[in-house]
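Visitor: I am new to this structure. Please show it to me, and then let me ask about it.

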Amino acid sequence: MKHSVTTYPATAQHPVHTLDGVLQYASIGELELETGGRLPDVVLGYETWGRLNSDASNAVLIPHALTGSTHVAQGSTEEPGWWDGLVGPGRTVDTDRFFVVSINMVGGCYGSTGPASADPHGLHWGSRFPFVTIRDSVRAEARLADQLGIRRWHTVLGGSLGGARALEWAVTEPARVARCAVIAATAASTGEQIAFAQAQVEAIRLDPDYNGGDYYNGRAPLTGLGLARRIAHITYRSEAELQYRFGRTPQPGEDPLGAALPAERGRYQVESYLDHQGRKLADRFDANSYVILTEALMSHDVARGRGSLAEALAATQAQFLVAAVDSDRLYFPEQSHELAAALPGNNSVHVISAPIGHDGFLTDILQLKDVLEQDFFA
């Protein structure tokens, strides 16, 4: 995946207003990375909605999830956004009042410098793209905020990987976050979460077409990426939802017991569903970016090098909202309770009740409408 690079300079004194929900690009210069790597000229892709007010006090950052794009809301295009119900004119995050920003994480494939981008010699970074952490992402995004004239975010709001990034923002840049909503995310990736993630990464790396990450002049590792998505999607949905929707029902026109050889048998509906999810992601996402962002999420630990979790969170200055999905089997609700208990002050956990599982942070986000409007966006 390639992208053209266009820089849109903006400052508080000379703001640039573009069409809502249209991808823009900004160069933030050289980036030294936490684990010792370096990127010489980083470009961040981002989208905005609304206008920054005169004192830059109405800016809201919404980080995307693992395979999400910057297209949070529909905006000026007809393309639906992934949080359309939450963000837009007259909605909870009212873009008639707030200036909403969503930034593609470094290493991604929706506009920011990533493995598919050209290095200084014009070659794809591929296998040479360095290891990126969530903290690196925050440092890069802070530079873009500087360019946009945003010294302090009114709110940073995210779910899943976006929630991890929101929390890291509040800890790494405490003076720059007034409010922080951490939804379906944890203070650190657990052993089990790392295990699921590692299986996905290995599925990609074991695809012969992966070629160690240098596949851009040949066939992309679509089989491995599709398998990684299948593994991930099982963790995004609950057992109850998969049983209710599919159970043991055969795919129409296929018989799971209809052949003597396993490779020739028909599929159950749930198998067809996972095949569809795998193909859909492989059509729109870069396998190297999947590896880079997944390993960044594996590295997530806001307390790393900062003492205990309570000590790491003690310096935060934000008002927090912590929310969990009751049926989430990837980020268990009790992990949200642990985060809330470690935060300064008294913080409860708001529960999204959704049978779907982890993806309830997308499908049922409006269950947080009232509390967000009361506590964050009054």
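Guide: Start with two rings: both Trp 125 and Phe 129 are buried, where buried means under 20% relative accessible area, exposed over 50% and partly exposed in between (1.4 Å probe, protein chains only). This is a predicted model, in which local features need pLDDT of at least 70, side-chain atom pairs count only at pLDDT 80 or more, and totals for chains, interfaces and linings use all residues. Residues are numbered from 1 along each chain as its sequence is written, and side-chain values use heavy atoms, with hydrogens and water left out.

Visitor: What kind of aromatic pair do Trp 125 and Phe 129 form?
Guide: Rings of Phe, Tyr and Trp (its six-membered ring) pair if their centres lie within 6.5 Å. Planes under 30 degrees apart count as stacked, over 60 as edge-to-face and the rest as tilted. Here the centres are 6.2 Å apart and the planes make 90 degrees, so the pair is edge-to-face.

Visitor: Why is the pair of Tyr 215 and Tyr 216 called tilted?
Guide: Tyr 215 is buried at 5% relative accessibility, and Tyr 216 is buried at 17%. Their ring centres are 4.5 Å apart. The pair is tilted because its planes stand at 40 degrees.

Visitor: How many aromatic pairs does the structure hold?
Guide: Ring pairs also link Phe 98, Phe 376 and Phe 377 into a cluster. The count of aromatic pairs in the structure is 10.

Visitor: Which ring lies under the charged end of Arg 245?
Guide: A charge sits over a ring if NZ of Lys or CZ of Arg is within 6 Å of the ring centre and within 35 degrees of the ring normal. The charged end of Arg 245 sits 4.8 Å from the ring centre. That ring belongs to Tyr 273.

Visitor: What is the strand order in the open sheet of eight strands?
Guide: Helices (H or I, at least four residues) and strands (E, at least two) are DSSP runs, numbered from the N terminus. Two strands pair if DSSP finds at least two bridges between them. The pairing in this open sheet is mixed. Its order is β1-β2-β6-β3-β7-β8-β9-β10.

Visitor: Which strands stand at the edges?
Guide: An edge strand here has a single partner, so one of its sides is left without a neighbour in the sheet. The edges are β1 (24-32) and β10 (349-352).

Visitor: Which residue is the bridge partner of Ala 59 in β6?
Guide: Strands β3 (residues 59-61) and β6 (residues 99-103) run parallel. Three bridges join them. The partner of Ala 59 is Phe 99.

Visitor: At about what angle does helix α1 run to β1?
Guide: Axes are lines fitted to C-alpha atoms, for helices over the stretch in contact, and angles run from 0 to 180 degrees between N-to-C directions. Helix α1 (residues 134-148) lies across β1, β2 (38-49), β3 and β6. Its angle to β1 is about 125 degrees.

Visitor: Is Glu 168 buried or exposed?
Guide: Glu 168 has its place in helix α2 (residues 161-172). Contact means heavy atoms within 4.5 Å. Not counting residues up to four places away in sequence, Glu 168 touches residues including Ile 134, Val 138 and Arg 306. At 1% relative accessibility, Glu 168 is buried.

Visitor: How many disulfides are there?
Guide: A disulfide is a pair of cysteine sulfur atoms within 2.5 Å. Cys 109 is buried at 14% relative accessibility, and Cys 180 is buried at 0%. By the sulfur rule, the number of disulfides is zero.
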